[in-house]
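Trainee: Hey, got a minute to go through this one with me? I'd like to ask about it piece by piece.

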Amino acid sequence: MRGFLVGLFCLSAATICLAGETSQRIVVAGSGLTEIVHALGAGDRLVGVDTTSLFPARAGELPQIGYLRALSAEGILSLRPNLLLATEDAGPPAVLQQLSSAGLEVLRAREGFEPEAVAARIEMVGRALGKESEAAALQATLLADIARVQAALPVAGPKPRVLFLLAAGSAVPMVSGRDTAASAMIVAAGGVNAVDAYRGYKPLTPEAIALAAPDFVLTTEQSLVALGGREALLRLPAFAVLARSGGLRVLSYDAVYLLGFGPRTAHALRDLAAAIHPARQLPALPHRPWLEARF
């Protein structure tokens, strides 16, 4: 009987289990999806990730498949995966079609920045990995943590105006308008996106900043490095007058932590909310395993 049980195998969502082990080999394009895989306890199945997948530390040590919007079929197939988990904006489409034609299962996660969208991605990954119960528990915890933060936000009075600034290398800094991950985080944290006249990102101009009249400049740690630091940011002509008046505060967070929309979203939201509502006593969230750089 024991030998018979050891020989049993199961097929589920591209996973082949033999004697309790899985032959699933996964590549991921999207940092949030990578974090979900790890949070569900399946990080050992990953054989490659895109360049945005830097957390947890183990993900950053894996072979890279390129930037999620500029994937290469050859590089992915060289890792011999049997499943690609990708965000909705991963591509280009021709490469994804080429991968599907080569027999690779490609699962696309629906885009979206609301809590329900993050929960839906967790459910999708859980199904693909055969970890439905773990996914349900992760969903419940994440949604409860987000609800706890938002329940503590002020409901009356003016909301802080927050401008999100993105910089990369020598390129002109860009400001987030509507329908972006940054705008969604600002609104969810009880703030107002100071620039909402357009969708997506546009170059920073002094005139636009004067009209926006932000209370906070929100940016990423990576952008601060690209700009030369906090003081260099405040010396930009667009911010110089506001900075001299002492009415402008700069907030910075790791890009993947702030905008990854994965398991750490509730804690990132709490950190941002506490920063833009300094007079508000927001509850601390319980520590979660998926916050650890190594888990």
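Trainee: Which residue forms a salt bridge with D145?

Mentor: That's R288, and the closest N and O atoms of the pair are 3.0 Å apart. Keep in mind that this is a predicted model.

Trainee: Where do those two sit?

Mentor: D145 is in helix α7, while R288 is in the segment after α14. The two are 143 residues apart in sequence, so the pair ties together parts that are distant in numbering.

Trainee: Is D145 buried or exposed? And what about R288?

Mentor: D145 has 5% relative accessibility, so it counts as buried. R288 comes out at 18%, so R288 counts as buried too, because the cut-off is under 20%.

Trainee: Why would two side chains like that pair up at all?

Mentor: In general, side chains of opposite charge can pair when their charged atoms come close.

Trainee: How many salt bridges are there in the whole structure?

Mentor: A search of the whole structure finds 8. One of them joins the side chains of R199 and D179, with N to O at 2.8 Å.

Trainee: Where are R199 and D179 along the chain?

Mentor: Both are in loops. R199 is in the one between β10 (192-193) and β11 (201-203), and D179 is in the one between β9 (174-176) and α8 (181-188). They are 20 residues apart.

Trainee: Buried or exposed, that R199? And D179?

Mentor: R199 is exposed, with a relative accessible area of 59%. D179 is exposed as well, at 53%.

Trainee: What about K131, what does its side chain meet in a salt bridge?

Mentor: The side chain of E134, at 3.7 Å from N to O. K131 is buried, with a relative accessible area of 15%, whereas E134 is partly exposed at 34%.

Trainee: OK, new topic. What domains does the assignment give?

Mentor: It gives domain 1, covering 14-149, and domain 2, covering 161-279. Their C-alpha centres lie 28 Å apart.

Trainee: How many residues of each are in contact?

Mentor: 15 residues of domain 1 are in contact with 16 residues of domain 2.

Trainee: And how much area do they bury between them?

Mentor: About 1,300 Å², with 76% of it on carbon and sulfur atoms. On the domain 1 side, E35, F113 and V149 lose the most area to domain 2, together 42% of what that side buries.

Trainee: What's the salt bridge count between the two domains?

Mentor: The count is 1. The side chains of E35 and R264 meet in a salt bridge, 2.9 Å from N to O. So E35 turns up twice here, because E35 is also among the residues that lose the most area to domain 2.

Trainee: Which elements of domain 1 give two or more residues to the side touching domain 2?

Mentor: Those are α2 (31-39), α6 (115-129) and α7 (132-151). Sorted by class, that side has 9 nonpolar, 3 polar and 3 charged residues.

Trainee: I've clicked on G260. Where does it lie?

Mentor: G260 lies in the loop between α13 (255-259) and α14 (265-276). With a relative accessible area of 15%, G260 is buried.

Trainee: Which residues does G260 touch, leaving out the ones up to four places away?

Mentor: S31, G32 and A255. G260 and G32 are 228 residues apart along the chain, yet their C-alpha atoms are separated by 4.9 Å.

Trainee: What about the other way round, how far apart in space are A167 and V155?

Mentor: They are 33 Å apart, C-alpha to C-alpha, with their places 12 residues apart in sequence. A167 is in the loop between β8 (161-166) and β9, and A167 is buried, at 9% relative accessible area.

Trainee: What is A167 in contact with, beyond its neighbours within four places?

Mentor: P173, S223, A226 and L227.

Trainee: Last one: what does the side chain of T220 make a polar contact with?

Mentor: The side chain of S223, at 2.9 Å. T220 is in strand β12 (residues 216-220) and is buried, with a relative accessible area of 2%. Not counting residues up to four places away, T220 touches F164, L165, S252, Y253 and A255.

Notes
Residues are numbered from 1 along each chain as its sequence is written. This is a predicted model: local features need pLDDT of at least 70, side-chain atom pairs count only at pLDDT 80 or more; totals for chains, interfaces and linings use all residues. Side-chain values use heavy atoms; hydrogens and water are left out. Domain bounds come from an automatic or database domain assignment. Contact means heavy atoms within 4.5 Å. Buried area is the accessible area (1.4 Å probe) that two parts lose on being put together, summed over both. A salt bridge is a side-chain nitrogen of Lys or Arg within 4 Å of a carboxyl oxygen of Asp or Glu. Helices (H or I, at least four residues) and strands (E, at least two) are DSSP runs, numbered from the N terminus. Ala, Val, Leu, Ile, Met, Phe, Trp, Tyr, Cys and Pro count as nonpolar, Asp, Glu, Lys and Arg as charged, and the others, Gly among them, as polar. Buried means under 20% relative accessible area, exposed over 50%, partly exposed in between (1.4 Å probe, protein chains only). A polar contact is a pair of N or O atoms within 3.5 Å; within protein, one must be able to donate a hydrogen and the other to accept it, and residues adjacent in sequence count only if both atoms are side-chain atoms.
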